[in-house]
Amino acid sequence: MDEKYMDRALELAKKGIGRVNPNPLVGAVIVKDNEIIGEGYHECYGMAHAERNAIKNAVRDVVGSTIYVTLEPCAHYGKTPPCVDLLIEKRFKKVVIGMLDPNELVAGKSIEKLKQHGIEVVVGIREEECKKLNEIFIKYITSKLPFVVLKSGMSIDGKIATYNGESKWITSKESREDSQKLRNRLHSIMVGINTIITDDPELTCRINKDKNLIRIIVDTKLRISLESKVILNSDKKTIIATTINADGNKKQKLRELGMKIIEVPSKNNKVDLKELINKLGQEGIDSILIEGGGTLNFSALEEGIVDKVVFYIAPKILGGTNSKSSISGKGFSKLSEAVNLIDMRYRTVGKDLVVEGYVEKK
């Protein structure tokens, strides 16, 4: 029964996707006399936590009941008071926890406090599922670095455009709709300046119009046009990542148009991506979806900033030496330098194959 109720808590937690970053996704279920009497989840950043919502929604007195929560209740004052104190105040009999909170401000403190007040605690129910759900939060809270996902849509031979530049559309409508879930899940989206110049995208989340998807443009020489859609549609936060030596006048014009400029040193005559990732983490950005062209994709992999890849592969063969590839750049000279993927998963969307995997850290 513990697994059954934790599964329900996990389903509730997922309802917060796209609204809680950089907070974790958390669900809670209150059970009394083998009946669910209250449910809740963390609905939006800055709002009440899952435990508080579950208690508020309870249809019976929660005294003596069991609460199932996907993540260890908080033990510190943040935007809300500690949830662990509320559980003690409401006299819960038992607390079942999916995973420990990796935040050093919590990290087992809540469990000890609950036990000190005579409350039974069980930890580790559906632990792997809970960790998977909050892989973004776990990385960010422990390293202050964003969780980075590289996504690309391509033909089965790895091409993202024909030799004369036609690219719309290689993958299916179903794949394009599915990929919007990634934009909703992650905090920001990153592209290179060539993508802006070639496609002039808006870089928004179509399935969640209210989401403030932060747009990050990597532009070493500040070639971006002041008429680009990402600049004209300035209601969403846009960051232009460039180098310290880029045109100062252009930087000022962009700032006047509401753009945030992040300056980093150059590396091999390009924006230093590792330094950029550090600065984006300091900005409170917990996750990044890279939807760049082949050059940015390779640079991101080469610099080791990518945690996960998601490839949408269409059953088409384009060929062509001059056709753009999903991963281009200079490439690796030795097989020992190749980026290896682990924990691979495969599924189909429409006629396309979706391949997902995590980058094996060296």
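Biologist: Buried means under 20% relative accessible area. With that in mind for this predicted model, are Glu-291 and Lys-151 buried or exposed?

Modeller: Glu-291 is buried, and Lys-151 is buried as well. Their side chains meet in a salt bridge, at 4.0 Å from N to O.

Biologist: Which parts does that pair tie together?

Modeller: Glu-291 lies in the loop between β13 (287–290) and α12 (294–302), while Lys-151 belongs to strand β6 (residues 147–155), so the salt bridge ties together parts that are 140 residues apart in sequence.

Biologist: And how far apart are the closest N and O atoms of Glu-291 and Arg-183?

Modeller: They are 2.9 Å apart, and the two residues form a salt bridge. Arg-183 sits in helix α7 (residues 173–185) and Glu-291 in the loop between β13 and α12, so this pair ties together parts that are 108 residues apart in sequence. Arg-183 is buried, as is Glu-291.

Biologist: Why would such side chains pair at all?

Modeller: In general, side chains of opposite charge can pair when their charged atoms come close.

Biologist: How many salt bridges does the count come to?

Modeller: The count comes to 22 salt bridges. One of them joins the side chains of Glu-263 and Arg-255, at 3.7 Å from N to O. Glu-263 is partly exposed, with a relative accessible area of 28%, and Arg-255 is partly exposed at 36%.

Biologist: Which residues do salt bridges with shared partners join into one network?

Modeller: The network consists of Glu-135, Asp-178, Lys-181, Lys-308, Arg-347 and Glu-356. Glu-135 also belongs to helix α6 (residues 135–143), where Glu-135, Ile-136, Phe-137, Tyr-140 and Ile-141 are buried.

Biologist: What phi does Lys-144 take just after α6?

Modeller: Lys-144 takes a positive phi of about 60° there.

Biologist: New topic. Where does UniProt place the feature "binding site"?

Modeller: The unreviewed UniProt entry places that feature at several positions, among them Gly-153, Trp-169, Thr-195, Asp-199, Gly-293 and Ser-299. The annotated positions spread over 147 residues of sequence, and in space they reach up to 28.3 Å between C-alpha atoms.

Biologist: What does Thr-195 touch, leaving out residues up to four places away in sequence?

Modeller: Thr-195 touches Asp-200, Pro-201, Glu-291, Gly-292 and Gly-293 on that basis. Glu-291 is thus a contact of Thr-195 as well as a salt-bridge partner of Arg-183. Thr-195 is found in helix α8 (residues 193–199), and Thr-195 counts as buried because its relative accessibility is 14%, which falls under 20%.

Biologist: And where is Ser-299 found?

Modeller: Ser-299 is found in helix α12. At 12% relative accessibility, Ser-299 counts as buried. Ser-299 touches Lys-270 and Leu-273, again leaving out residues up to four places away in sequence.

Biologist: Last one. Which residue does the UniProt annotation "active site" cover?

Modeller: That annotation, from an unreviewed entry, covers Glu-51. Glu-51 lies in helix α2 (residues 50–57).

Biologist: Does Glu-51 count as buried or exposed?

Modeller: Glu-51 counts as buried because its relative accessibility is 4%. Leaving aside neighbours within four places in sequence, Glu-51 is in contact with Ala-28, Ile-67, Val-69, Leu-71, Pro-73, Cys-74, Cys-83 and Leu-87.

Technical notes: Residues are numbered from 1 along each chain as its sequence is written. This is a predicted model: local features need pLDDT of at least 70, side-chain atom pairs count only at pLDDT 80 or more; totals for chains, interfaces and linings use all residues. Side-chain values use heavy atoms; hydrogens and water are left out. Helices (H or I, at least four residues) and strands (E, at least two) are DSSP runs, numbered from the N terminus. Buried means under 20% relative accessible area, exposed over 50%, partly exposed in between (1.4 Å probe, protein chains only). UniProt positions are given in the numbering used here, feature names are shortened, and annotations may be inferred rather than shown by experiment. Contact means heavy atoms within 4.5 Å.
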